[in-house]
Amino acid sequence: MARKTLAALALVTAATFVGGWALVGPVLADDKLPSKSDQSCLKCHEYDKASNLFAGKLVEVSSKANALQLQIDKGMEVIYFDDSTVLKNAPSMKEIPKQESIRITYFKKDGKTFAKEIEVKKGIAVPKEKLADVEEVAKLVALGPEKGKYVLLDSRPVEGYDQGHIPTAVSMPFFAFDKLQETLLPKDKEVLQIYYCIGFS
């Protein structure tokens with residue numbers, strides 16, 4: 001099935017429907033604890049509806065203290081880790097770049113916050129032939145979906161779509177992909193699917 005991702009546009013990301021972070025995984029701790037997330041993460045993820053989760057920017061890692069600092073908007077969280085902490089998308093804690101986006105599943109123990117799992121946001125390498133540039137999309141939009149034989153899918157949350165979107169785009173939020181694919185995706189495999197979002201998702 002033809003599928004492309006709009007590139008070279010500030011609002012665009014690649015492969016929002018397949019890559020980056022997946023939906024919030026299962027809660028790993030027994031107790032449900034409130035989640036905190038940087039506002040920038042909430043543009044594409046519903047972390048505010050999850051539990052036991054922090055999402056923000058890494059500030060510092062202390063191997064001596066087995067702890068890291070996580071910035072969430074203007075706030076700061078200190079989170080401890082040990083050998084049982086699962087680390088994804090990075091070879092070691094010290095090798096996680098500062099200011100990198102990370103997602104932490106946490107639990108409380110002895111009054112401290114411990115990381116059950118730390119996942120470093122991983123960018124998506126989209127093959128060049130799968131990217132559509134602004135000019136290409138503009139030409140298709142001028143033709144319209146029927147003549148241009150395409151469907152343009154806005155993968156941002158509905159609120160973003162309602163605030164403004166590319167002409168002819170339809171709203172297909174990342175989290176609703178499974179629910180909406182039957183109704184929004186073309187049955188004709190020759191119809192080009194173009195996705196865009198606000199960043200890597």
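# Notebook: strands, rings and turns

I started at a lysine: the charged end of K112 sits over the ring of Y80, and I get 4.7 Å from that ring's centre. A reminder to myself before going further: this is a predicted model.

**Entry 1. The rings around Y80**

Which residues share an aromatic cluster with Y80? I found F107 and F114 there, so that Y80, F107 and F114 make up one cluster. Next I looked at how the two phenylalanines face one another. The ring centres of F107 and F114 are 5.8 Å apart with the planes at 20 degrees, so I noted the pair as stacked. Their cover differs in class: F107 has 25% relative accessibility and is partly exposed, whereas F114 has 17% and is buried. The cut-off for buried is under 20% relative accessible area, so F114 falls on the buried side of it with its 17%.

**Entry 2. A second ring pair to look up**

My count of aromatic pairs for the protein came to three. One of them is F54 with Y106, whose ring centres are 4.2 Å apart and whose planes meet at 5 degrees, so this pair is stacked too. Where do F54 and Y106 lie? F54 is in strand β3 and Y106 in strand β7, so the pair ties together parts that are 52 residues apart in sequence. Are they buried or exposed? F54 counts as buried at 3% relative accessibility, and Y106 is buried at 3% as well.

**Entry 3. Following the strands**

With β3 and β7 already on the page, I traced the pairing from there. β3 and β7 run antiparallel to each other over five bridges, and one bridge that I wrote down joins L53 to T105 in β7. β7 also pairs with β8, again in the antiparallel sense, over eight bridges. There, R103 has E119 of β8 as its bridge partner.

Going the other way from β3, I came to β4. This pairing is antiparallel with five bridges, and E60 is matched with Q69 in β4. β4 in turn pairs with β5 (residues 75–80), antiparallel over six bridges. Opposite L68 I found I79 of β5.

A note for reading these strands on screen: side chains in a regular strand alternate between the two faces of the sheet.

**Entry 4. The turns**

I then checked the hairpins for positive phi values. Two residues separate β7 and β8 in their hairpin, where D110 has a positive phi near 50 degrees. The β3 and β4 hairpin has four residues between its strands, and N66 is the one I noted, with a positive phi near 50 degrees. Between β4 and β5 there are two residues, and D73 in that turn has a positive phi of about 55 degrees.

Away from these hairpins I noted two loop residues. K149 has a positive phi near 55 degrees though it is not a glycine. K149 belongs to the loop between α2 (145–148) and β10 (150–154), and is partly exposed with a relative accessible area of 39%. T168, also not a glycine, has a positive phi near 80 degrees. T168 is in the loop between α3 and β11 (170–171) and is partly exposed at 32%.

**Entry 5. The cores**

Which residues have the most contacts inside the largest nonpolar core? They are L68, L70, I102 and I104, in a core of 17 residues. The elements giving two or more residues to this core are β3 (53–62), β4 (67–72), β7 (101–109) and β8 (112–120). A second core, separate from that one, holds twelve residues, including V141, Y161, L192 and Y196.

**Entry 6. One glutamate on helix α3**

I looked up E159, which is in helix α3 (residues 158–163). At 55% relative accessibility, E159 counts as exposed. Its C-alpha atom is 9.0 Å from that of K43, a residue 116 positions away along the chain.

**Entry 7. The whole protein**

To finish, I took down the overall numbers. The secondary structure amounts to four helices and twelve strands. Of the 201 residues, 43% count as buried. The exposed surface is about 11,200 Å², with carbon and sulfur atoms supplying 53% of it. Among contacts with a separation of 6 or more, 59% come from residues 24 or more positions apart.

How values were computed. Residues are numbered from 1 along each chain as its sequence is written. This is a predicted model: local features need pLDDT of at least 70, side-chain atom pairs count only at pLDDT 80 or more; totals for chains, interfaces and linings use all residues. Side-chain values use heavy atoms; hydrogens and water are left out. A nonpolar core is a set of buried Ala, Val, Leu, Ile, Met, Phe, Trp, Tyr and Cys residues joined through side-chain atoms within 4.5 Å. Buried means under 20% relative accessible area, exposed over 50%, partly exposed in between (1.4 Å probe, protein chains only). Two strands pair if DSSP finds at least two bridges between them. Contact means heavy atoms within 4.5 Å. Accessible areas come from the Shrake-Rupley method with a 1.4 Å probe; for residues, only the protein chains shown count as cover. Rings of Phe, Tyr and Trp (its six-membered ring) pair if their centres lie within 6.5 Å; planes under 30 degrees apart count as stacked, over 60 as edge-to-face and the rest as tilted. A charge sits over a ring if NZ of Lys or CZ of Arg is within 6 Å of the ring centre and within 35 degrees of the ring normal.
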